[in-house]
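Work through these exercises with the model open beside you. Try each task before you read its solution.

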Amino acid sequence: MTAVRAAAIGVIGAGAVGQSVAMLLAAGGWCESVRVVSRTGLSARALVTDLEDMCQVTGSPVRAVYAADPSQLVSCEAVVICPRAEFINTSRINVRMAGLNANAPVIAALARALAHYQGLVVMVTNPVDVMAHLFAEVSGCPRVYGVGSNTDTARYRLTLAHLLDVPVEGVEGHVIGEHGDQAVVCASATRVNGHPVEVPVGRVRRELADRPARINAGLGRTRCGPAGAVIAVLRAGLGLDDRVVELSVNHERRWMGIPLRFTAGRPSVCLPRLDAAEARQLAAADVKLRGAYEPLARLHVSARPSWKEKTAVTRTATRIATATQAVTVTSNTPVVTEWAIRYFGPWWNATSTTTPADGPQVIADVNPDRVTEIAQRVADHAHDETVYANTSMLVDRDDDGTVLASQPDGKLAYRAEPGGPLNIYGGEGVPVALAAARLAREVVRGQLVADGWSILHASAVVRDGQTVLTLGDKGAGKTTVGLLLARAGWQLLANDRVFIRREGDRLRVLPWPSAAAIGLGLLDALGWYDQVRERVQRGEQLHPTQHQKVTDALYSGSRTPLWKTSGKELKPQFFPDQLASWLGLTLATEGQAARILFPQIIPGAEPAIRDEDRGVQDADFFTAGTEDRYPDVFGLLPADLPDTEPLLELLGELPRHAMVLGHDVKANTDFLQQTSA
């Protein structure tokens, strides 16, 4: 690797790991410079001199630079933190915890020196899970990762390959939790050449403990393995490599090692499935790490940045638009705005922006204090209760039109003032991102409805701009028809509902962005089950609204449809972009209505036209009164809805077919292509 693809990378600490990291960076040639800081400065100067010699001999273009102070690293793309305080480690158990009290003041001081740093931070100093947590809290830095579990995972795979006498390349498995005695060997999810194996956990654990001990006995410190882990996360976090790295991060308010899948520098959690014993071990690791962290927090986190300070530094924005309408989503965490791009981008236009335009705004922040404040305010006043997105919502309306709402189960709160932005607050990024996506769509929906658009309960596919709409009651086969035609080469516009408006003598159709629900049986029938299961088993994640029973079924290989006691089917839930990346479908952004299908699926039936003159009816449209998932709590819809008569008139002139379909995928597809031509 000789092409320069990253700018400066800082290394704090010139000990065993710091030296190894700096050497790998200088030899790798993929960053412009390495800036080195150490406690006394003497070792940093010496290391820089040594690196200069190496770069000259090898012809590396990387410059080694001495930095006198950590604050001189703020312009770096990434900073590696690996200092070690002076202490004598005599521990035989909890070896990595021995430096807890000695290293904490050093890490806290560095965190204050790098307060609000926006680049990538890689923590190496032990106990790495606690030190990463401490640095993140004191500094307010948004991207802090601790290495440790990645090295543990590498040692696990090497050990298992040796014990089972197989190539290490065929071993898939993770070690997560604490980088220490409470590490969790994910034996139940381990695969060798794609197959489950019996893991000799006791022998594995002994080797995981003995391996670093042998290195320390011979060399004094482990260095090459941790340095390699640092390089792996730097390249992944800076977008140079797409890969899975086990790192200590804040996931659901727990700082411990978990696998992260990096794609173009963006991480997503890909936890392996745990059995009951492993889940208990992970919980025990969490208890231990929290117990170690809390005393340090009381000593060092008193000066942590306020929410106001954090949000002022880290705000991002996404502009979402379709037709002539738009909304801007802003947040103090990129989880929300990146989620909006992923959710809306495949069907509408969603782009990052640094200057939010005038117009409707959704402000979605992680701010637990505001959640508590608004929830208490709603509880203290007379309020209404409704169900929004399948979760109870308490709503308080002030005389001036301000709406305050709380969803206690989701730890979410809302505030909407007439003519002002819609504010969403939550305790964690993903729930806030989900809520922001729903309500951003509702804002655009209100604009579209005010502009004459109606919402039709239909799936839709497009070819050459011509749209086939499929209508019917729940269970009639709307999604099945849409997916069969999309699988046969049509573009998928929507799987459940569409926006539609009459424009002269044509009917323009827009998609309704949403997660796509595809039943296990249909997934299997369409030939997608195995590839979806393989991705899930590798740790890739479907939409978080998916029920855990569905995830469990995919892990186990069950293809049997799952049902709630209410009779509703539980289905895999796909992000819009996964329809393309996982299933190979092409998505459409708009079309012109050209034909209408009314299917009925009967097991064992041969595909055929039914002798029934079914037409589009008022009941096929969604209104504020018939909305079953997203009631208009915040007054986002206009009081006067568009008249559907002009639509019904033009829809009635389109070719339409009532039909019966069976369970033969090929026969159904051939029949649909003939009737949709």
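**Exercise 1. What should the 22 residues of helix H12 (residues 429-450) span at 1.5 Å a residue, and how far apart are its end C-alpha atoms?**

Start with the ground rules. This is a predicted model: local features need pLDDT of at least 70, side-chain atom pairs count only at pLDDT 80 or more, and totals for chains, interfaces and linings use all residues. Residues are numbered from 1 along each chain as its sequence is written, and side-chain values use heavy atoms, with hydrogens and water left out.

Step 1. Helices (H or I, at least four residues) and strands (E, at least two) are DSSP runs, numbered from the N terminus.

Step 2. The expected span is 1.5 Å times one less than the number of residues. For H12 it comes to 32 Å.

Step 3. The end C-alpha atoms of H12 are 31 Å apart, which agrees.

Step 4. Look just past the helix. There Gly-452 has a positive phi of about 100 degrees.

**Exercise 2. Is H12 largely enclosed by the rest of the structure or not, and why?**

Step 1. Fix the classes: buried is under 20% relative accessible area, exposed is over 50%, and partly exposed is in between (1.4 Å probe, protein chains only).

Step 2. In H12, 19 of the 22 residues are buried, so the helix is largely enclosed by the rest of the structure.

**Exercise 3. Which parts do Asp-451 and Arg-501 tie together?**

Step 1. A salt bridge puts a side-chain nitrogen of Lys or Arg within 4 Å of a carboxyl oxygen of Asp or Glu. In Asp-451 and Arg-501, the closest N and O atoms are 3.2 Å apart.

Step 2. Asp-451 sits in the loop between H12 and strand E24 (454-456), and Arg-501 in strand E28 (residues 498-503), so the bridge ties together parts 50 residues apart in sequence.

Step 3. Check accessibility. Asp-451 is partly exposed at 32%, whereas Arg-501 is buried at 17%.

Step 4. Follow shared partners. Salt bridges join Asp-451, Arg-501, Glu-503, Arg-506, Arg-508 and Glu-590 into one network. The structure holds 28 salt bridges.

**Exercise 4. How are the rings of Phe-499 and Trp-512 arranged?**

Step 1. Rings of Phe, Tyr and Trp (its six-membered ring) pair if their centres lie within 6.5 Å; planes under 30 degrees apart are stacked, over 60 edge-to-face, and the rest tilted. By this rule there are nine aromatic pairs.

Step 2. The centres of Phe-499 and Trp-512 are 5.6 Å apart and the planes meet at 35 degrees, so the pair is tilted.

Step 3. Phe-499 lies in strand E28, and Trp-512 in the loop between strand E29 (506-511) and strand E30 (516-517), so parts 13 residues apart in sequence are tied together. Both residues are buried.

Step 4. Now contrast Phe-574 and Trp-582. This pair is edge-to-face, with 6.2 Å centre to centre and 85 degrees between the planes. Phe-574 is buried at 0% relative accessible area, and Trp-582 is buried at 6%.

Step 5. Widen the view. Ring pairs link Tyr-343, Phe-344, Trp-348, Phe-499 and Trp-512 into a cluster.
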